[in-house]
Amino acid sequence: MSLCAALGCCQSWQAETSVGVAKAETDADEQPHRACDDSEAQPLHNLADDSRSFTSRVEAYNVFDRGETCTSHTESLESGPPESSHSETQLLSLHHCREERKLFDRQTSEELDCRAARKSFSRQTSEESALSVSDILNIQRAGRKFKMSVSNPDKPSQADIDRRLTVQNVYDFYDPQAGKIRVRKMDGTVVHRRRRLSSNGVSNHDNEMFSSDGGSEVSDEVNDSLPSNSVCSHSDTASTTADSSLRAQKSIKDTEALANWGAIIGKVLHRKVLDFATVNDRALRERRCLGYRGEPESSRHGNRLATRRCKAVVDQAFSLVRREGRRKRDITDREWDTSDLITRLFSTEYADTLMIVVMAAAKILAAQPSLVSVSSPCRVFGDLHGQLRDLFMFFHAFGMPGETSTNFVFNGDFVDRGHHQVELIGVLLALKVVYPTQIHLIRGNHEDSTMNERYGFRDACLTDLGAAFGTQIYKRLQDTFNLLPFACLVSDRALILHGGIGDGKWRLGDLWRVPRPLTPEQLIAHKNRWLYNILWSDPIEDGESADPGTFGVHPSPRGVMTLQFSWDITKTFCARNGVGLIIRSHESKKHGRGFELMHSDMCLRVFSARDYEDHENDGAVLLITEESTAADEDGGDSVDLLTVRPQVLRSVQKQRAEATRRSADQASSVR
């Protein structure tokens, strides 16, 4: 072929294949793993040498770009002029074409394998989906059943029906960050069960210690390493230890049986109206309660000026409740920015308003007995310790006074340690004046001048109110604290007091005869030691780690006059006084839920201040209602059952720790 003919053919082929060449170059740039040598462009400069080889190479690239094989083109290149007549550029082009063909075949094979795997996975997924569709209803049904089992409490036991009171095994959990109330089941962290003894007088834990398998293993090891006389000595020691342990366990069972019999006898005496002192006390209580409730409010609650001032304080407090309920981010009481809180609650004349509120509340408290009687429904608050925002959040989540007929009982320790002590006690006393028969304040161990001087309430009065007004109002508040009742009885079945029952030898009627005001100096007198322990004593907790042989009364680490009481004291006291539950406060636990149940479900602790002293604890209140239930399984006569249900306000510190932990888990999963 002549040179002119080759050039003519080149021009026509170049017009036809320009698009294919450009696309081949683009694909080569997009695939960096391909060989991208400058020699690929060299055949355009050697058209005059061999037009046939150039044409075959361009067509091979076009075919390769369309995904076709380039076998025929490579064969044409191989069947061309002798190898000696090929230039170096043509040989490199042939090599690149072969490499690109191998790469294309490998990628095509991988893509086909991937498509096959994708089809197989889709087929398996569709089959699994088809199988799971038939189980969707069962899964949904199981989910609903589980949700109902969690949210619905168990039925009352026969023991609950006998004492006409039950503590539900669920509680309401309010998360201010989410703004929702969830129902949760109680677990072993809040319900403490006493370790029982087996039929042979040995506890379960001791059974493991004295099990035959464990004893044989120890004996075998000792027999292999000791002489015969040592073995006999060891066996004698072991038998002596076992005998003494069995004697101790028998003594424990005898003491337990005696405590149970004492409780039964006390219950029979109370129910059969053979205890004449109880009858007399009940008649006296009913007469005093009727006399108190029958008096007109105008003569009992002071003048109208005090009532108007207190109503203005309550209205301002309720407006703050609604404002804090709308806050998107929950905060602690310490973080609450309240520079103008005292003026907002009590006006710019806050000193005069506080004095009027305190004096009006003192008149109402002086007219009440030392043992207050209320009916259900009732909501019980534990220690607040000056944390006003926690009180507002409880009002927002579970209801405010005046909205319903629910009674509110505040179980002492209103002040000390908190950041809003003056504001909190002022709001509570104003509520007492506005709702005198619905709000009840019980004395705690921190309603005491000695404790207030040590733990900050006196300093808070002087700081917030000034030296002159602060001293006067502080003294008025101490006089009011000395008038506070010592306990509250709910529907004659639940006794609310701050600390505990002490030695449990006193009766409810003894509280009716306590003279008030009662100063701290009078409270520590020997004859009033039982009153001192009502404010200070603690129960000995049950649980797996507790000693099942603990009975009676023991000294307390809180002080010389303070006592600790075991489960048998609680059981006997409740039987002798005809109550089914002791509700107390006085204790906060780190990372706790704000409530605990112990002593055969007869002692319940409630603590309302969240994150108290950085304990990361939830706050809790107790809702007490009355429901009718069947006395037996046959659906016979119904009885009115007093129902107690805890309501928990989530800890701010717990929520933040959980959010931090969740963020860390997400970050680690991303990495």
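Guide: Two strands pair if DSSP finds at least two bridges between them. By that rule, six strands of this predicted model make an open sheet with mixed pairing, in the order β4-β8-β9-β13-β15-β14. Strands are DSSP runs of E with at least two residues, helices are runs of H or I with at least four, and both are numbered from the N terminus.

Visitor: What makes β4 and β14 the edge strands?

Guide: Each pairs on one side only: β4 covers 371-374 and β14 covers 595-598. From one strand to the next, the sheet twists by 20° on average.

Visitor: How do you know that β14 pairs with β15?

Guide: Pairing takes at least two bridges, and four bridges join β14 to β15, residues 603-606. The two strands run antiparallel, with E596 opposite R605 in β15.

Visitor: Which strands form the open sheet of three?

Guide: The order there is β10-β12-β11, again with mixed pairing. β10 (538-539) and β11 (553-556) are the edge strands, each paired on one side only. Four bridges tie β11 to β12 (residues 559-565) in antiparallel fashion, which satisfies the rule for a pair. V553 has F565 of β12 as its bridge partner. Helix α22 (residues 529-536) lies across β10 and β12, at about 65° to β12.

Visitor: How far can the model be relied on, and what is its mean pLDDT?

Guide: The mean for the protein is 78, and 67% of the residues reach 70 or more, where pLDDT is the predictor's confidence in each residue, from 0 to 100. Residues 1-55 stay under 50 and have 53 contacts beyond four places in sequence; a contact means heavy atoms within 4.5 Å. Residues 205-235 are also below 50, with ten contacts beyond near neighbours in sequence. Where pLDDT is low, the predicted coordinates should not be read in detail. Residues are numbered from 1 along each chain as its sequence is written. Local features need pLDDT of at least 70 and side-chain atom pairs 80 or more, while totals for chains, interfaces and linings use all residues, and side-chain values use heavy atoms, leaving out hydrogens and water.

Visitor: Why are α14 and α16 called oblique to each other?

Guide: The axes of α14 (residues 350-367) and α16 (residues 421-434) cross at roughly 50° and come within 9 Å. Axes are lines fitted to C-alpha atoms, for helices over the stretch in contact, with angles from 0 to 180 degrees between N-to-C directions. Angles under 35 degrees count as roughly parallel, over 145 as roughly antiparallel, 65 to 115 as roughly perpendicular and the rest as oblique. The angle falls among the rest, and α14 and α16 are therefore oblique.

Visitor: What makes the crossing of α14 with α16 left-handed?

Guide: The near helix must be turned anticlockwise from the far one by less than a right angle; clockwise would be right-handed. α14 passes α16 in the left-handed sense. Among the residues that meet are L354, V358 and I364 of α14 and G426, L429 and K432 of α16. By class, this contact has eleven nonpolar, one polar and one charged residues. Ala, Val, Leu, Ile, Met, Phe, Trp, Tyr, Cys and Pro count as nonpolar, Asp, Glu, Lys and Arg as charged, and the others, Gly among them, as polar.

Visitor: Why is α12 described as oblique to α16?

Guide: α12 (residues 304-325) packs against α16 at about 120°, with the axes 8 Å apart. That angle also belongs to the rest, so α12 is oblique to α16. Their crossing is left-handed. The contact includes T307, K311 and F318 of α12 and V427 and L431 of α16, and by class it has ten nonpolar, one polar and one charged residues.

Visitor: Why is α14 given another term, one that relates it to α19?

Guide: α14 and α19 (residues 467-481) pack at about 15°, axes 9 Å apart. This angle is below the first cut-off, so α14 is roughly parallel to α19. α14 passes α19 in a left-handed crossing. M355 and M359 of α14 and Q472, R476 and T480 of α19 are among the residues in contact; the classes are ten nonpolar, two polar and one charged.

Visitor: How do you know that the bond from S376 to P377 is cis?

Guide: Its omega is near 0°. P377 sits in the loop between β4 and β5 (378-381). The bond from R516 to P517 is cis too, with omega near 10°, and P517 lies in the loop between α20 (508-512) and α21 (520-523).
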